[in-house]
Structures are given as structure tokens and as C-alpha cells.
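Reader: I'd like to go through this one label by label. For each term you use, tell me what earns it.

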Amino acid sequence: MDDERGIATVSDAAFLEVQRLLNREAALLDRRDYAAWFDLLTEDVKYVVTARVSRPAETGPLDYAIIDEDADTLRLRVLQIGDPKLTRAENPPTLTRRFVSNLEVEAAGPPNDYAAHTNLLVYRQRGTAPDGDFYAGRRRDLLRRDRGSLRIADRLVRLDHNVLFDGSLSIVL
Amino acid sequence: MDDIVRSAPSRSWVDAANGTVEREAFVGEDVFRLELDRIFHRLWIFLAHDSEIPDRGDYVVRTMGRVPVIVVRGSDGEVRVLLNSCRHRGTKLCRGEAGNARNFVCRYHGWSYAIDGGLITTSYDEHLPPGMDKADWGLVPAPRVETYRGLIFAAWDPGVPELRDYLGDMAWYLDALFWRTPEGMEALAPPHRWRTRANWKIGALNFIGDSQHVRTTHAGPIALDKVRSEKDGFYVQGGESFQVVTDEGHGCTLTYLAPGMPERNYLTHPPGLRGAYADTLSADQLAMLRHLRVMVGNVFPNFSFIESQVALGEKAVIIRQWQPLSGTEMEVLSWVLAEREAAAGYKDRALKHGFHNFGAAGVFEQDDLELWASATQASDNPIARRFPYSFHSSLPFDHAPMENAKGPGRAFQPSNTEVAQFAFMRRWDAAMRPLA
């Protein structure tokens, strides 16, 4: 789908700008500040999360979407999990800690400025459960300068999961 | 059938006269073991949709209770369900979830089987004694495999009735969801799969007829979704709404357009498919679908379905397998289906909106699962088990079926009682009794 074929180098300044954006984004999501997070997205944002069908190597793996949102449906999802009156899964709020690493940045064709590839590890603790859960995956973000800032225009999270654990995915990855 | 199970004492968890069910039914490991033998390793169990394995050699790997099986389309085009375990020393033949095979080859010692299950070679056939007939050592087939309207079921008890007879009056409703166009439905993507720490029956009960949970559990998506909340009609059930139960323990709930709700939001037939419906369904079935807002149901024991509004004038059909892992855990498989004849864009939207609401990250699903898991956890202790669950709101209604229902089966109004849920529990209780 989006296997990186040789990452084209960008300037250190561009790399740092992307890294700052992704770190700031992770902090906002861990703080559940969804209004500020939504402001980091372009108005035509695409947001996709996939899981994987385990198949023989000869057949090749098959990814399938478990979330596939545009700005409108993504807004609905975030309004729900961000409002204590409107969510059961996230009230009491789950605790999350996002680790965004192994950043590689390449120049992207117009209209996007960069493609950022990262590894994602999210620790999540629900309620008083003694054991937390982890979501792990590879993220590919297309970033665009929009309204004066670099913003996320298109996110693909390819989870390294076949079967999801502990109920439904009720956080943003 | 296992001798221990045959001789297990008769036991009842359901108090039919008082409308209660013992909590042990929803948490007990002994109950779970009995369920495996008396329900999941005996009765018809839903496994896959026909469209998942279109070509010869296509297979998916699924589970019936504790039994891992391969659902495969054979060289003759027939669907077979084979125990996913080598006859030699038990290794899984298929260790992934899906694929296409010319043969099933065991990677341990090399026993090799045709896709219809027949043993081709042990790799050391020259060492076999003369009395061993390879024809007796094929992969173990489920003795009964039948497909109804694209839905593949299998059973391990060769004596179960024909699938169509087992579905009984529910078949009429299944036809209206799964066979309303000449080519039928297709699964639009592989099933979402997730585990949850909840008893499988909570899922079945939630789908067979639990209108009472919608307002409280799903406050979020209903308040946020303009299609649903318009004129606040969502909480009002149209006067035509009803529940259905059948002798086999199947059931469904049909919720109709409430007065004042904008009809255009709830088109009965998707654009472009209107004509096909009229060609395929009976006038009674078409009348049943008219103004239908949500149809949700369960085929005993663990196959559920929901047809729900997913966008303005568009619907998705979602199907479920509630796969028990223990008394307190299950794995859920969830597919989105659409008519094969539907336009590609319609299928794409049905899929996205279907799992936006009812998938592994569904905005409805996430709130259900949190509450189901908490119910199972809080009930799994000796003190809580002394106090049964309430199904009381079935009792004032379940002796008075409708006389002029829109479809077959025993129909009941209003639609937001627990009649269908308690019927499921009584059927479950009967299925758990020792075999004669």
C-alpha cells in the first residue's frame, strides 16, 4: 500500500518541523485535547487505520480498514470520545501514552509538502484493570502547509494486529 | 457426544415464571463447558459468507465453539468444513486466517490432503501397514454443511434438521436482508475481529431485541448524528414496530419510522436497487421493509445481524459471530454486506459507514463493549451470583402475540420489551438440558 521505497532526504530544518508537529500532536492526544488536535488537521483530512489478515507468505498479507474517516465522520468520532456525557468507553477516561519514533521524512508531490513515516506504540490503561494494552503500528502521514502551518492532510496507520483486544478501539492513533 | 455430558444432572438457570436468569449462566466455566457440548459442538453454527471463498481452493479459518475449522470451496465447487488438525499428530493445516490452497500440506511430517479433505500421501506411505486404508484418514469433515442465502453454517451432530427447517420462520426475515436482489449479498471486506471480556450471550441478547439500551448506552452517536437525531424522532419507536421470536430461539426486532421523522432519511430501498427488490421479494416482505428504520436479530445461538441506517438514505447490513472463548470472554467477528448489484460507490460508503458504527472501532460498538465487559466482571463472583438478572419486562407481554403481524413467527408489541431476550434465554436453558 505505502511501502517506502528509499526515503528521499529533506533538510534538517524540514525534518525538525515535522518532528515538532508529530510530537506536539501526540502530547495533545495524550491530554485528550481533541479541539486543539483537530486544528492540526487540514479541512479535507483523511484518516485510515488498518488491521491485517494473517495469510500464507506466498499469498501475501491483506490489510483492511477498521477506521476510514473523512473530516466529517472523524469529527463525530472525536466529539463522542471527548464529551463525558456522550461516551461510555472513554468515561472514566482511559490513560494513554503515545510513542512516535523512527521518523523518516521525504518530500511529497503537490499538494502535500512531506510524507512522514513513523513507528507508533500506544500504551492504554482502561479503568482499574491491572494490565494495560498496547497498540503498535506503522504510520504514514501526508503533511501540507495550510492556513500558515504544517498540518496533517492524510494519515494511514497500519496496525500490527490481526485480532484487536479488549473491546473496541476508542482512541485516536 | 461426551458421556460425562450425557449424564450431567438436569439443571435450570432460567425462572420462566418469575422472569429471571441466574448470573452463573453468564460467567460460569462449567456452564461454558456444557454450552460447548450441548450447543456449539452440536447445533448449526454460522461460519462464513459464501462470497468470502468465491474460487476453488479459497478458504477461511474459523471456530465452532472450541473447534478450529477450515471452510473451503472444493474442486467440485462445494463448500466443506474440515477440522483444522492433521490426522497424524494434530498440527494445524492452515495457520493463517485465509488463503487459497491447491492441497493442505502439514508442515510437521508432510501429510498432504486434497482440498476436499482426502489424504493424498503421508510422505512415507511405503512404511504403512497393509491394513491402513488412507481413505479412512482424511481431514475430519463436519457431517453437516449447508448454505442459506449465502450464509454458510455447519454442525457436528449429523442428526440436526435441515438448515432451512432449523431457521424456521426466521428464514422469511433473512430472505428480506440477504436475498432481496437476484444475486444476493456479498461481504465487502474481511471480518473485523476483536476480543472482549464479556460473555457471548450478552451479544446475542443485545441483537435479538434490546431496544431499552439504545437511549442510555448510545447517547453519543445518536446525539451527534443529525440523520438520527433529526426532530428527536430516534427515541420514539414507530407504532408499527414489533419483535419476533421463533420456536428455535431465533428472533428479531423491527423498528419503524416514528411520526414526524423525515421519511427521506429512511429510504426503504437503496437508490438503484428498488426495482430488484420488487422482483425478488414478496409483496408482504416489501411491506415489512417499508419505513423500516432498523432491523436487528439473532439466529440461535450466536449469529446476529443488523440492518441500519448509515447515511442519508443508505443502509448497511452487518453480520456477527459471537465466538465464545471462555465463560467470561469472547471473540467477535463482524462483516459488512451489500447487494452484489449495488454500485461500487454505494458499496464503499456502506462499508465505511457500516464499520464506523458497528466495527472494531465502531462508535456504537465501543460503548456496548465497555458496558458488557463490566457486567461480566461484576457478576463473576460468588456474592453477585446469588442475585439473578432481571428479564421482568418480558412477562406482561410474552403471552399475547400479535394477531395481524407483518410476518411469520410469534410477533409482539411493543417492540421495546424483553420478550425476545427472554425467549432466547428459555431456548438456551432447554438446549442445556441433558440429551434424552
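Author: Happy to. Let's begin with a yardstick for helices: the expected span is 1.5 Å times one less than the number of residues. Also keep in mind that this is a predicted model.

Reader: What makes the reach of helix α14 of chain B close to the expected one?

Author: Helix α14 (residues 419-431) of chain B has 13 residues, and from its first C-alpha to its last it reaches 18 Å. The expected value at 1.5 Å a residue is 18 Å, so the two are close.

Reader: And how do you know what helix α12 of chain B should span?

Author: By the rule just given: α12 (residues 344-358) of chain B has 15 residues and should span 21 Å at 1.5 Å a residue. Its end C-alpha atoms are 21 Å apart, so the span agrees.

Reader: Which residues of α14(B) are called buried?

Author: The label needs 20 or more other C-beta atoms within 10 Å of the residue's own. In α14(B), B:V419, B:A420, B:Q421, B:F422, B:A423, B:F424, B:M425, B:R427 and B:W428 are buried.

Reader: Which ones in α12(B) are buried?

Author: Those are B:A350, B:L351, B:K352, B:H353, B:G354, B:F355, B:H356, B:N357 and B:F358.

Reader: Why is strand β14 of chain B described as largely enclosed?

Author: Strand β14 (residues 192-196) of chain B has five residues and four of them are buried, so the rest of the structure largely encloses it. As for its partner, five bridges join β14(B) to strand β20 (residues 330-339) of chain B, and the two run antiparallel. In that pairing, B:W194 stands opposite B:V332 of β20(B).

Reader: How do you know that β4 and β5 of chain B pair?

Author: Pairing takes at least two bridges between the strands. Six bridges join β4 (residues 58-64) of chain B to β5 (residues 67-73) of chain B, so the requirement is met. These two strands run antiparallel. One of the bridge partnerships is between B:M64 and B:V67, the latter in β5(B).

Reader: What is the strand order of the open sheet that includes them?

Author: The order is β6-β5-β4-β7 (chain B), four strands with antiparallel pairing.

Reader: What makes β6 and β7 of chain B edge strands?

Author: Each of them, β6 (79-83) and β7 (98-100) of chain B, pairs on one side only. Neighbouring strands of this sheet are turned by 30° against each other on average, ignoring direction.

Reader: Which strands make up the open sheet of three?

Author: In order, β3-β12-β11 (chain B), again with antiparallel pairing. Its edge strands are β3 (45-49) and β11 of chain B, since each pairs on one side only. The twist averages 30° from one strand to the next.

Reader: How many bridges join β3(B) to β12 of chain B?

Author: Four bridges join β3(B) to β12 (residues 151-155) of chain B, so the two-bridge minimum is satisfied. B:F46 has B:F153 in β12(B) as its bridge partner.

Reader: Now the backbone oddities. What is notable about the phi of A:N102?

Author: Phi is positive at about 55° although A:N102 is not a glycine. This residue is found in strand β3 of chain A.

Reader: Why does A:N102 count as exposed?

Author: The exposed label applies at 12 or fewer neighbours. A:N102 has 11 C-beta neighbours inside 10 Å, so it counts as exposed.

Reader: And why is B:S123 called partly exposed?

Author: B:S123 has 14 C-beta neighbours inside 10 Å, which puts it between the cut-offs of 12 and 20, so it counts as partly exposed. B:S123 too is not a glycine, yet has a positive phi of about 75°. You'll find B:S123 in the loop between β10 (119-121) and β11 (144-148) of chain B.

Reader: Where are the cis peptide bonds at A:P92 and B:P301?

Author: One joins A:N91 and A:P92, with omega about 5°, and A:P92 is in the loop between α3 and β3 (95-107) of chain A. Another runs from B:F300 to B:P301, with omega near 5°, and B:P301 lies in the loop between β17 (292-299) and β18 (303-311) of chain B.

Reader: Last one: how many residues of chain A are in contact with chain B?

Author: 31 residues of chain A are in contact with 36 residues of chain B. By class, the chain A side has 16 nonpolar, nine polar and six charged residues.

Methods: Residues are numbered from 1 along each chain as its sequence is written. Chains are lettered from A and ligands numbered from 1 in the order in which they are written. This is a predicted model: local features need pLDDT of at least 70, side-chain atom pairs count only at pLDDT 80 or more; totals for chains, interfaces and linings use all residues. Two residues are in contact if their C-beta atoms, placed from the backbone, lie within 7 Å. Ala, Val, Leu, Ile, Met, Phe, Trp, Tyr, Cys and Pro count as nonpolar, Asp, Glu, Lys and Arg as charged, and the others, Gly among them, as polar. Axes are lines fitted to C-alpha atoms, for helices over the stretch in contact, and angles run from 0 to 180 degrees between N-to-C directions.
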